[in-house]
Amino acid sequence: ISVHALKGELVALIGGNGVGKSTLLKTIAGFQPPISGDFYIKGKQVISYREKELALIMSFVSTEIIRVPNLSVFDLVSLGRYPHTNWFGKLLDEDRHIVEEAIKSVGLQGYESRMVNYISDGERQKAMIARTLAQDTDVIVLDEPTAFLDLSNKYEIVHILHRLASEKGKTILFSTHDLTTAIAESDRMWVMLDDSVKQGAPEDL
């Protein structure tokens with residue numbers, strides 16, 4: 001495997017079930033050591049970053065739908081600020097402003113006080129993306145963020161990711177089975193085959 005992703009790019013990771021997409025993403029996110037080889041962010045190996053250092057550079061959204069009772073959208077998004085706060089995790093006015101802007105960026109203004117358990121799956125995924133924006137990392141990794149969404153929500157989520165990558169200059173990598181949306185919205189694709197990984201612009205692949 002030899003691939004790269006640049007600042008301001010939305011990169012779609014495509015491949016069949018069981019080919020290793022989640023394993024690759026978890027390795028990139030530092031959740032498990034590489035089976036072999038090296039992975040670098042900003043010229044430094046991921047495994048050489050301390051946890052808090054890595055949390056300031058990279059954020060992660062998993063496939064699972066988050067269901068937490070008694071947690072508002074604002075509270076969920078504000079969790080992204082904890083790598084930036086003091087030992088007590090106290091939010092300052094600046095942190096609250098960043099959280100509010102993140103919520104606005106994904107189109108959830110007006111939902112701040114709603115409980116996460118009582119919003120739709122699409123809205124919940126938007127809140128999770130807002131959390132990564134509040135974390136304010138250069139790299140965002142998402143493992144099948146649209147897996148449980150209907151067609152219109154799938155496209156809207158990926159469109160939001162594309163806009164955030166280009167407007168905020170972030171590197172956003174997401175895995176998906178939705179080839180049509182990936183081709184339409186991504187800047188680069190990584191296609192995992194049984195024995196290799198191809199990368200390139202969607203139209204070239």
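This briefing describes one helix pair, two pockets and one cavity in the structure shown above. The model is a predicted one. Helix H5, which spans residues 121-135, packs with its axis within 10 Å of that of helix H6, residues 151-168, while the largest pocket encloses a volume of about 790 Å³ and the second largest pocket about 330 Å³. There is also one cavity of 30 Å³ or more in the structure.

**Helices H5 and H6**

- The axes of H5 and H6 cross at roughly 15°, and because angles under 35 degrees count as roughly parallel, the two helices are described as roughly parallel to each other.
- The crossing in which H5 passes H6 is right-handed.
- On the H5 side the contact is made by Gly122, Gln125, Lys126, Ile129 and Leu133, and on the H6 side by Asn153, Glu156, Ile157, Ile160, Leu161, Leu164 and Lys168.
- Sorted by class, the residues in this contact of H5 with H6 comprise six nonpolar, three polar and three charged ones.

**The largest pocket**

- A total of 30 residues line the largest pocket, and those that lie nearest its centre are Val3, Leu24, Ile28, Asp38 and Phe39.
- At least two lining residues are supplied by each of helix H1 (21-28) and the strands S2 (40-41), S5 (139-142), S6 (171-175) and S7 (188-192).
- Helix H1 provides the largest share of this lining, with four residues.
- In the lining of the largest pocket, 16 residues are nonpolar, nine are polar and five are charged.

**The second largest pocket**

- The second largest pocket is lined by 15 residues, of which Ala29, Phe31, Glu51, Leu54 and Ala55 are the closest to its centre.
- Helix H2 (51-55), strand S4 (58-61) and helix H5 each contribute at least two residues to the lining of this second pocket, and H5 is also the helix whose axis crosses that of H6.
- The lining of the second largest pocket is made up of nine nonpolar, three polar and three charged residues.

**The cavity**

- The largest cavity holds about 40 Å³ of space.
- Its lining consists of Thr63, Ile65, Asp121, Gln125, Glu144, Pro145, Ala147, Phe148 and Leu149, and Gln125 also takes part in the contact of H5 with H6.
- By class, the residues that line the largest cavity are five nonpolar, two polar and two charged.

Key. Residues numbered from 1 in each chain as written. Predicted model: local features only at pLDDT ≥ 70, side-chain atom pairs only at ≥ 80, totals over all residues. Heavy atoms only, no water. Axes fitted to C-alpha atoms, helices over the stretch in contact; angles between N-to-C directions. Parallel < 35°, antiparallel > 145°, perpendicular 65-115°, else oblique. Left-handed = near helix turned anticlockwise from the far one by under 90°. Contact = heavy atoms within 4.5 Å. Nonpolar A, V, L, I, M, F, W, Y, C, P; charged D, E, K, R; others polar. 1 Å grid on protein atoms, 1.4 Å probe; cavity = no way out; pocket = protein on both sides within 12 Å on 5 of 7 lines; lining within 4 Å. Points joined across faces, edges and corners; volume = space filled by probe spheres on them.
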